[in-house]
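Look over the model shown here before reading the report. The text treats domains, then strands, then helices, then two loop residues.

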Amino acid sequence: MISSFKPPRRTILEPGPSDVSQRVSEAMAKPTIGRLDPYSVGMMDEIKSLLQYAFHTDNELTFAVSASGSAGMECCFAKLVDPGDTVIVCQNGVFGSRMKENFERFGGLAIMVQDDWGRAADESKLEAALKANPEAVLVAFVHAETSTGVQSDAEKLVRLAHDHNCLTIVDTVTSLGGRQSM
Ligand SMILES: Cc1ncc(COP(=O)(O)O)c(C=O)c1O
């Protein structure tokens, strides 16, 4: 049995785990309330509007999944992929291969658009894959590939997908709210 828990204070400089600010630690020490408590419902509404702000969307169906990044990604695949769907995955590192596994687990056929590890996803390759697979319904890619630190151009990739009537799943686990360094 652990009789005391006194972790050392560290400065963590890696994609995750990350340092937690004092404000967050203090919030987590607050009393527990039930999920149907009116206070909880109000708080979820506030979280929803803050997420809408972060994602630049007014979509009513914006909600937080209180789980790890992997569970959040899996939730997207489970909801958006039907068995037999063709999906296109841009892969330039380890997390792209996880997307392929997820698609296949839900019965999708994953067309892989490969780029070398350490290079951003190539928009012209995605465009070629979209033209070659007009039945594709979805495009997925990792915005910031943690395995190499490379960022792909989400705006261009998403626009291409939408131009071909595809939805997108974008893994922004290590990029959302971050700032690009030049
Ligand atoms: C790009 C990317 N996607 C997904 C994940 C998985 O997130 P989690 O460890 O919270 O499940 C990570 C974790 O480092 C990541 O860097």
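Which domains does the domain assignment of the chain give? The assignment gives domain 1 (22-54) and domain 2 (69-171). Such bounds come from an automatic or database domain assignment. The centres of domain 1 and domain 2, taken over C-alpha atoms, are separated by 31 Å.

This is a predicted model: local features need pLDDT of at least 70, side-chain atom pairs count only at pLDDT 80 or more, and totals for chains, interfaces and linings use all residues. Residues are numbered from 1 along each chain as its sequence is written, and side-chain values use heavy atoms, with hydrogens and water left out.

**Strand β1**

Helices (H or I, at least four residues) and strands (E, at least two) are DSSP runs, numbered from the N terminus. Buried means under 20% relative accessible area, exposed over 50%, and partly exposed in between (1.4 Å probe, protein chains only). Six of the six residues of β1 are buried, so β1 is largely enclosed by the rest of the structure. In a regular strand the side chains alternate between the two faces of the sheet. In β1, both faces are covered. One side carries T86, I88 and C90, the other V87, V89 and Q91, and all are buried.

Two strands count as paired if DSSP finds at least two bridges between them. β1 pairs with β2 in the parallel sense over six bridges. V87 has A110 of β2 as its bridge partner. The chain runs from β1 through α4 to β2, and this β-α-β crossover is right-handed. Right-handed means that, with the strands pointing away from the viewer, the path from the first strand over the helix to the second runs clockwise. β1 also pairs with β3 in the parallel sense, over three bridges. There, V89 stands opposite A140.

**Helices α3 and α4**

The expected span of a helix is 1.5 Å times one less than its number of residues. The table sets out both helices.

| Helix | Residues | First to last C-alpha | Expected span | Buried residues |
|---|---|---|---|---|
| α3 | 12 residues | 17 Å | 16 Å | G72, M73 and F77 |
| α4 | 12 residues | 17 Å | 16 Å | G96, M99, N102 and F103 |

Which residues of α4 are buried? They are G96, M99, N102 and F103. Seen down the axis of α4, these fall within an arc of 110 degrees, so they line one face of the helix. The arc is that of the directions from the helix axis to the C-beta atoms. An α-helix has 3.6 residues a turn, so residues three or four places apart point the same way. Contact means heavy atoms within 4.5 Å. The cover over the buried residues of α4 includes α3 (69-80), β1 (86-91), β2 (109-114) and β6 (167-171).

N102 lies in helix α4 and is buried, at a relative accessible area of 10%. Leaving out residues up to four places away in sequence, N102 touches E74 and F77. After α4 comes G107, with a positive phi near 85 degrees.

In α3, the buried residues are G72, M73 and F77. They cover an arc of only 140 degrees around the axis, which puts them on the same side of α3. Their cover includes α4 and β6.

**Two loop residues**

H56 is not a glycine, yet its phi is positive, about 55 degrees. H56 sits in the loop between α2 (38-54) and α3. At 72% relative accessibility, H56 counts as exposed.

N165 is not a glycine either, and has a positive phi of about 55 degrees. N165 sits in the loop between α6 (154-163) and β6. Its relative accessible area is 72%, and N165 is exposed.
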